[in-house]
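Me: I have a model open and would like to check a few of the labels attached to it. Please set each value against its cut-off.

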Amino acid sequence: MPRKFTPKVVTANSLIEGDAVWLTADDRWSPDMAEAQLIEDEELAQERLAHATAQPDQVVGAYLADAVAGDNGPVPTHFREAFRTRGPSNYDHGKQTAV
Amino acid sequence: MYSYSEFDEQFVRERVSQFRAQVERRIDGSLTEDEFKPLRLMNGLYLQLHAYMLRVAIPYGTLNPHQMRQLAMIAEKWDKGYGHFTTRQNIQYNWPKLKDVPDILDALADVEMHAIQTSGNTIRNVTADHFAGAAADEIADPRPVAELLRQWSTDHPEFQFLPRKFKIAITGSPNDRAVTKAHDIGLRMVRNDAGDEGFEVIVGGGLGRTPMIGKVVREFLPKADLLPYVEAIVSVWNLLGRRDNKYKARIKITVHEHGIDEIRRLVEERFEEIRPQFSGVDQELLAGLEQAFAAPDLQEASLAAFESAYTNDAMFRAFADTNVVDHKVPGYGIVSISLKAHGATPGDASADQMRVMADLAERYGHSELRISHEQNVILPHVHKSDIPAVHAALKEAGLATANIGLISDIIACPGMDYCALATARSIPIAQEIATRIDELKIEHEVGHMKIKISGCINACGHHHVGHIGILGLDRAGVENYQITLGGDGTETASIGERAGPGFPAEEVVPAIERIIKAYLDVREGEDETFLMAYRRLGPAPFKAALYPESKEQADAA
Ligand code: HEM
Ligand code: SF4
């Protein structure tokens, strides 16, 4: 039996800065995961990933990451993806400086 | 110290301008990431979790003050004001922007530094004893040989696309401070019965997913034969190495699969073949390098200032006892500067701290600095009467922690806080252990104990050779930490044994605390280190301390 599809976001690293970014429903790359498009449908997920992969001048290493709906938008389900939304734990660097 | 030749200078500059053009073409879209990635990796540029990471080679860990100041400048101008010193005697910058990297590489070239072969399937930065040229137990300074190996391996046409990366470590001392037995090739300088200098050659050590202690392939190799012999080893492996499976590609697997005797036979055969090609030019070069690494002129001076500080200042005494060891020249000391202040990130130094260390090296240390594989910085030649002044300056810069070789002198890889390959974090675990040990005030009482932490099975943090090793794993989306006991990275090297099931993050520190207390209970006096006690008693008392419940269950049964 095929595994049940769980909701995803498309994520990557930006080409110049290298930081984590997420694909929005209106085709932007946002540094804020809450703005990401939460994709509930497998076929659409593949389509959006292909769209992301076709933008090598903007992002590097696009992939689908598990996510769930939160109060203000998608939130990560795995700690690795959670770190990518914040930054490292030893210094207040990365995205957490902005929040 | 070795100074670049015109050829070196031109070679490095050409590489930088080549890479500058490649970055431009990547940014304007004429190179795809698939085309660009191998090119950036050839120049030490990785993409990590939150940013790019640039890995800069510090060959055999040797730096001059001018170079250290340039590393500080780079940290400030293009990064976030600090750098991370690693177990491979490199420095990593965690936040460079792609467009700035060519400028960073140019700034490095200005001080004879580069990031070439710090990545990729090549011969990586040759590492060496961080006390080289100063150690009291040394047969000879291993750095001229390390530099010879570097010149031979850099851009070596046959060795740019090896089955996997290849790491060489070298020591000139019988006390192994370079972890030679956990490298692809380990070189230990020895003397034969006639008193000639040569090498014991060890192959097939390595950590990572299949940790192995290297095996002796040649007990005594005359010094003059080193280059052809090392070339023979790499070329035999280049042919035999498993290119079908990257997890089986390292030479440790080749040695394991073919057996050391067969490898020895093939290496000796190849060695005989290629030796005539080394017409002795390498030996002329080596003689020149030996001149370049000549020891500084160390003058005798009064020890009064040292003795007075030692008697009157308890903090200085602790520092001198723990962070200073005797130099081969009487009256001098080798000073280790700890980058492991309790609660700090192991191996990180701020730009200001780098400059303080550079100034101290210039003023008191004959302008030499070393980076140790234990992520600390060494001033190798300081007269003892200057150490009180060095200590005072270090104190002001937050660099005077007297913990070298003790529990809080932890090696930790970047782990999930930076590394894209990680399965769990390393840094916070190191920080918490060090902080707890500081609260307990038992660090000096416990004495020599090495804790090493990796954030995944690649073992960059050397956990397999830690007396206590900690490996971060992902257990169903939660960080979990497995503990190994009894590892050792010195001349008596051994791979640690898994103690049992792993622990969630919040239980690691209490678990380590239980091991430490168990050791204090069972040791036969202060002279028996944790490792000695472990070797005498085996894992049982420590496992019982780690898993008290299962002991209770066993007792009840
Ligand atoms: C953050 C980027 C890093 C990446 C992507 C990385 C990647 C790897 C990989 C893939 C391996 C396993 C190689 C193999 O067995 O074939 C490895 C091993 C190793 N790395 Fe790293 N590493 C990183 C950082 C570091 C750092 C910061 C250090 C030093 C603190 C380091 C030192 C080592 C060492 C000592 C080993 C094991 C020794 C051996 O190769 O047998 N690496 N690394
Ligand atoms: S051990 Fe793993 S997590 Fe740590 S630096 Fe190496 S590859 Fe990254």
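Reply: This is a predicted model. In helix α12 of chain B, the buried residues are B:Ala351, B:Gln353, B:Met354, B:Met357, B:Ala358, B:Leu360, B:Ala361 and B:Tyr364.

Me: What makes these residues of α12(B) buried?

Reply: Buried means under 20% relative accessible area. The residues named in α12(B) are buried, so each falls under 20%.

Me: How do you know what span is expected for α12(B)?

Reply: The expected span is 1.5 Å times one less than the number of residues. Helix α12 of chain B covers residues 351–364, which makes 14 residues. Its first and last C-alpha atoms are 20 Å apart, close to the 20 Å expected. B:His366, with a positive phi near 55°, follows this helix.

Me: Why is B:Cys460 called a donor of the iron atom of ligand 1?

Reply: A donor is an N, O or S atom within 2.8 Å of the metal. The SG atom of B:Cys460 is at 2.1 Å from the iron, so it counts as a donor. B:Cys460 is the only protein donor there. It sits in the loop between β17 (451–454) and β18 (468–475) of chain B.

Me: What makes the pair between B:Arg250 and ligand 1 a polar contact?

Reply: The limit is 3.5 Å between N or O atoms. A side-chain N or O atom of B:Arg250 is 2.9 Å from an oxygen atom of ligand 1, so the pair qualifies. A polar backbone atom of B:Leu207 lies 2.8 Å from an oxygen atom of the ligand. For B:Lys165, a polar side-chain atom is 3.3 Å from a ligand nitrogen.

Definitions and conventions. Residues are numbered from 1 along each chain as its sequence is written. Chains are lettered from A and ligands numbered from 1 in the order in which they are written. This is a predicted model: local features need pLDDT of at least 70, side-chain atom pairs count only at pLDDT 80 or more; totals for chains, interfaces and linings use all residues. Side-chain values use heavy atoms; hydrogens and water are left out. A polar contact is a pair of N or O atoms within 3.5 Å; within protein, one must be able to donate a hydrogen and the other to accept it, and residues adjacent in sequence count only if both atoms are side-chain atoms. Helices (H or I, at least four residues) and strands (E, at least two) are DSSP runs, numbered from the N terminus. Buried means under 20% relative accessible area, exposed over 50%, partly exposed in between (1.4 Å probe, protein chains only). Donors are N, O and S atoms within 2.8 Å of the metal (3.2 Å for Na, K and Ca); water is not among the atoms, so sites may look incomplete.
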